[in-house]
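Open the structure in your viewer and keep the selection box handy. We'll take a walk through the inside, one stop at a time.

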Amino acid sequence: MAHSIHRMAVVGTGVMGTGIAQIAAQAGLSVHLFDARAGAAASSRDNLVSTLDRLADKGKIGAGEATDAAARLHVAATLGDLASCDLIVEAIVERIEPKRALLAELEDIVGETCILASNTSSLSVTAIARCARHPERIAGFHFFNPVPLMKVVEVVDGLETSPAVGDALVALAERMGHRAVRAKDTPGFVVNHAGRAYGTEALMMLGESVASCGDIDRVLREAAGFRMGPFELFDLTGLDVSHPVMESIYAQFYQEPRCRPSALTRQMLEGGRLGRKTGHGFYRYRDGKPLDPAPNQRVPDVGVLPPVWIGAEREADRDALRTLLHAIGVTVETEAVPSRGALCLLAPYGQDATTACRLHVTDPRRTVCIDLLPGLDRHRTLMLTPATDAGARDAAHAILARDGVGVTVINDSVGFIVQRTLAAIVNLACDISQQGIASVEDIDDAVRLGLGYPRGPLAWGDALGADRLHTILTRLLATTGDPRYRPSPWLRRRAALGLSLRTAEPCAASADTR
């Protein structure tokens, strides 16, 4: 049955419900607001009218458009006032029993063709609809905050949801100017599921003392291109929000290692260090502003620079390093083994500096590794062995910062910060695709729009090269024994055949991650 949506209602007029009502009214729908709290729906309408007026004053919408949208907003005194709606979106408290109770009430009021949609972010749509008389008309319609600015919405099909219902919601989302992504009813849907890799891998590295939270944030911003580092993001969102989501998705997937939370954030949550809202999280804040932003690592003052011997498993990496070092005036040794005074610069993938040092048979006191996965033009990460002496460390830092590009030095790690993070992100997206939770295009768009990543993860994987990412993960798994790093079959098969992660066509990977 085709569903035509002209008159809709939003039940629950908090921030999310109000945002949904705004874009619906601006899209030309008649929107009815209801909230069980006395005066809340009227207050929401008043706030929306003010918002529309401000948008008109700033020239973002026309004055007539603001007036027309405001006229489409109506306050419902009772649920019974919603009887003739074509669609009702619930945006009430994120608990399953109140949602089920609301749907039961609505089924006694609305017509049989009315769609009942939930804005749930973490609850099963199938479970919400389990007690309904007509579960086929119930679907997830998950927006992101702030709704008018976050131009993506997940349309979630429960086990009993009619395909026509999902189709109608997709069409409505497009009418409201949002990108609709179609998802199966699985924990975290697409965005919250795919987003597990970024923060949890950063917490793993912090727990292993690979680097400070400030250095991890800086590398992922400046080398990988994320808008915010993971610890900045945790502080912004608040651990009272982030940690329960991590625990919930981990539990719903029956302790899937790729989604494993950290004991550190549980401890911080118990201690009230939630982030900006409490003035202390991974950083300290006053009036919402950081008090002690992590400083850049100081470039050492080194006199005579040593020659550099390069150890790389890929000839293209060796050429890139040689070209850079020549350009900044450093002597590059070309013999099979380094001289006694040479700095040994290695470029491994998925290995720690200790393993790379042993494979290239270099002196660990003079060995430093560099991450070439993100390229060399934006920010450079150097990794030390446990035995690297201060002179070699400072010389490597001074050499790689000589042309003005930022450098961060980290401790020995099974893979660098960017390698571990991007491999985990792409691998998790591959598994989402392997499970058929959403299409490749929907996964990429959902993550890019919903999480603000520089690229969709599967497109990013193609740019980095499935073979390199598979190598990184395989080595991480072999070294740590942690099934968190097991490559997804989707990635493994395409890497073996040299295929794109997105199209299954032959893929010529680029090292450019921008």
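Contact, on this tour, means heavy atoms within 4.5 Å. Before setting off, know that this is a predicted model, where local features need pLDDT of at least 70, side-chain atom pairs count only at pLDDT 80 or more, and totals for chains, interfaces and linings use all residues. Residues are numbered from 1 along each chain as its sequence is written, and side-chain values use heavy atoms, with hydrogens and water left out.

**Stop one: the cores**

Select F282. Leaving out residues up to four places away in sequence, F282 touches L203, L206, C213, F231, F234, D235, L239, L264, T265 and M268. Now colour L82, I88 and F231 along with F282: these touch the most other members of the largest nonpolar core, which has 123 residues. A nonpolar core here is a set of buried Ala, Val, Leu, Ile, Met, Phe, Trp, Tyr and Cys residues joined through side-chain atoms within 4.5 Å. Buried means under 20% relative accessible area, while exposed means over 50% and partly exposed is in between (1.4 Å probe, protein chains only).

Next, pick residues 417-434. That is helix α16, which gives the most to the largest core, with 11 residues. Helices (H or I, at least four residues) and strands (E, at least two) are DSSP runs, numbered from the N terminus. For a second, separate core of 38 residues, try A21, L33, V89 and A168, which are among its members.

**Stop two: an enclosed helix**

Select residues 457-464, helix α18. Why is α18 described as largely enclosed by the rest of the structure? Because 7 of its 8 residues are buried. Those seven are P457, L458, W460, G461, D462, A463 and L464. Show α16, α17 and α19 (466-480) as well, since they are among the elements covering the buried residues of α18. Just past the end of α18, click G465, which takes a positive phi of about 105°.

**Stop three: the largest pocket**

Rolling a probe the size of a water molecule over the atoms shows where empty space is left. On a 1 Å grid over the protein atoms alone, a cavity is a set of points where a 1.4 Å probe fits but cannot get out, whereas a pocket is an open set with protein on both sides within 12 Å along at least five of seven lines; lining residues have an atom within 4 Å of a point. Grid points are joined across faces, edges and corners, and a volume is the space filled by probe spheres set on the points.

Select F144, N145, N192, T237 and G450. Of the 44 residues lining the largest pocket, these lie nearest its centre. Its volume is about 1,500 Å³. Elements giving two or more lining residues include α1 (15-26), β6 (138-143), α8 (196-207) and α17 (440-451). Helix α10 has the largest share, 5 residues. By class, the lining of this pocket has 23 nonpolar, 15 polar and 6 charged residues. (Ala, Val, Leu, Ile, Met, Phe, Trp, Tyr, Cys and Pro count as nonpolar, Asp, Glu, Lys and Arg as charged, and the others, Gly among them, as polar.)

**Stop four: the second largest pocket**

Pick Q22, Q26, V147, P148 and L149, the closest to the centre of the second largest pocket among its 18 lining residues. About 400 Å³ of space lies there. Both α1 and α2 (40-57) supply at least two lining residues, and α1 has the largest share with 6.

**Stop five: the cavity and S488**

How many cavities of 30 Å³ or more are there? The count is 1, with a volume of about 60 Å³. To see its walls, select A197, E201, R258, A424, N427, L428, L473, R484 and Y485. Helix α16 provides the largest share, 3 residues. The lining divides into 5 nonpolar, 1 polar and 3 charged residues.

Keep R258 and N427 on screen and add S488, which is in contact with both of them, as well as with C430, D431 and Q434, leaving aside neighbours within four places in sequence. S488 sits in the loop between α19 and α20 (489-497). Is S488 buried or exposed? Buried, with a relative accessible area of 0%.

**Last stop: the cysteines**

How many disulfides (pairs of cysteine sulfur atoms within 2.5 Å) does the structure hold? It holds 0. Select C114 and C85: the sulfur of C114 is 6.4 Å from that of C85, its closest cysteine sulfur, which is too far for a bond. Then try C259 and C430, where the closest sulfur to that of C259 is 14 Å away, again too far. Both C114 and C259 are buried, each at 1% relative accessibility.

Conventions
Disulfide = S-S within 2.5 Å.
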